[in-house]
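Welcome to a short set of exercises on reading a protein model. Have the sequence and the 3D view ready, try each task yourself, and then follow the worked solution.

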Amino acid sequence: EPPSAEKLVEAVDLVRASVDRGIPVIAWDLFVAEFGLIYGYDDEQKLFHAIDFQADQTLAYDKLGMGRAKELAVFSIEKKTSVDPLTSFRQALTMILEHAQGKEKAVEDGFVSGLAAYDTWIEAFQADTVDPLGNAYNTAVAADARLFAAQFLLQRSADGCPDNTYDHSIKQLTAKAAVHYASVHESLLALHPLFPFPS
């Protein structure tokens, strides 16, 4: 169901308040059925400035929650907290390894993640059981995720690790990982036009 007028007003107010605090808002289904960011607004024209993996453009206030899914979902971080750079970097590396090894806690039974998912994907093509919508969606989202991983790792290699003990080798390994993620991004990006969203 499309959002009610009351919920839309509540969502617009939440977006405006968060952006005024300098914090973009996470929103669902801005230009495609995926999460994106609202990072600005124009009250005179009643427009949001928003970005997702498909577009970086404006969205009318009354179009919020009226995308393909007709669902309103807007999330804001209420307060900024300080984060220890070394701890967050170690946590990110742990998440990367858990994902690659298929050990993510959020993956439901019957689903495959990480490097093993590529084999499952190939098997689905060989068995002619690939779902066109799911394949187009996963191709786009996986490419997007690898791009952001490459950017994150490249930034970390440029900034350096906060722990000076192994700083040089960590910088080198992180930069090398960024190159590999960028390569995977380019490969997945080349697949996207071959498997467009069914219309």
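Axes are lines fitted to C-alpha atoms, for helices over the stretch in contact, and angles run from 0 to 180 degrees between N-to-C directions. Please keep in mind throughout that this is a predicted model.

**Exercise 1. Two helices that cross**

Task: Describe how the axes of helix 2 and helix 4 cross, and list the residues that make the contact.

Solution:
- Step 1. Start with what has to be reported: two packed helices are described by the angle between their axes and the distance between the axes.
- Step 2. Fill in the values. The axes of helix 2 and helix 4 come within 12 Å, and they cross at roughly 145 degrees.
- Step 3. Add the hand of the crossing, which is left-handed for helix 2 and helix 4.
- Step 4. Find the residues in this contact. Helix 2 brings Phe-89, Ala-92, Ile-96 and His-99, while helix 4 brings Arg-146, Phe-152, Leu-153 and Arg-156.
- Step 5. Sort these residues by character: the contact of helix 2 with helix 4 has 5 nonpolar, 1 polar and 2 charged residues.

**Exercise 2. Checking a helix with a ruler**

Task: What span should helix 5 have, and does the distance between its end C-alpha atoms agree or disagree?

Solution:
- Step 1. Count the residues: helix 5 runs over residues 167–191, which makes 25 residues.
- Step 2. Work out the expected span. The rule is 1.5 Å times one less than the number of residues, so helix 5 should span 36 Å.
- Step 3. Compare with the model. The end C-alpha atoms of helix 5 are 36 Å apart, which agrees.
- Step 4. Now look at which side chains are hidden. Asp-167, Thr-174, Ala-178, His-185 and Leu-188 are the buried residues in helix 5.
- Step 5. Ask what covers them. The cover includes helix 2 (85–100), helix 3 (116–126) and helix 4 (132–159).

**Exercise 3. A buried asparagine**

Task: Is Asn-135 buried or exposed, and which residues is Asn-135 in contact with, leaving aside its neighbours within four places in sequence?

Solution:
- Step 1. Locate the residue: Asn-135 belongs to helix 4.
- Step 2. Apply the cut-off. Buried means under 20% relative accessible area, and Asn-135 has 6%, so Asn-135 is buried.
- Step 3. List the partners. With neighbours within four places in sequence left aside, Asn-135 is in contact with Trp-121, Phe-125, Val-130 and Phe-195.

**Exercise 4. Following the salt bridges**

Task: How many salt bridges does a search of the whole structure find, and which residues are linked in a network?

Solution:
- Step 1. The search of the whole structure gives 3 salt bridges.
- Step 2. Take Lys-7 and Glu-10, whose closest N and O atoms are 3.6 Å apart. These two residues are 3 residues apart in helix 1 (residues 5–20), so about one helical turn separates them.
- Step 3. Recall a rule that helps here: an α-helix has 3.6 residues a turn, so residues three or four places apart point the same way.
- Step 4. Go on to Asp-13 and Arg-16, whose side chains form a salt bridge at 3.6 Å, N to O. They too are 3 residues apart in helix 1, about one helical turn.
- Step 5. Turn to Asp-43, whose side chain meets that of Arg-16 in a salt bridge at 2.9 Å, N to O. This pair links distant parts of the chain, 27 residues apart: Asp-43 is in the loop between strand 2 (35–42) and strand 3 (47–51), and Arg-16 is in helix 1.
- Step 6. Put the pieces together: salt bridges link Asp-13, Arg-16 and Asp-43 in a network.
- Step 7. Check the accessibility. Asp-13 is partly exposed at 39%, Arg-16 is partly exposed at 26%, and Asp-43 is partly exposed at 33%.

**Exercise 5. Positive phi in two loops**

Task: Where do Lys-46 and Asp-128 lie, and what is the phi of Lys-46 and of Asp-128?

Solution:
- Step 1. Lys-46 sits in the loop between strand 2 and strand 3, and its phi is positive, about 55 degrees, although Lys-46 is not a glycine.
- Step 2. Asp-128 is in the loop between helix 3 and helix 4. Its phi is near 55 degrees, a positive value in a residue other than glycine.
- Step 3. Finish with accessibility: Lys-46 is exposed at 51%, and Asp-128 is exposed at 70%.

Methods. Residues numbered from 1 in each chain as written. Predicted model: local features only at pLDDT ≥ 70, side-chain atom pairs only at ≥ 80, totals over all residues. Heavy atoms only, no water. Helix = DSSP H or I, 4+ residues; strand = E, 2+ residues; numbered from the N terminus. Buried < 20%, exposed > 50% of the residue type's maximum accessible area, 1.4 Å probe, protein only. Contact = heavy atoms within 4.5 Å. Salt bridge = Lys/Arg side-chain N within 4 Å of Asp/Glu carboxyl O. Left-handed = near helix turned anticlockwise from the far one by under 90°. Nonpolar A, V, L, I, M, F, W, Y, C, P; charged D, E, K, R; others polar.
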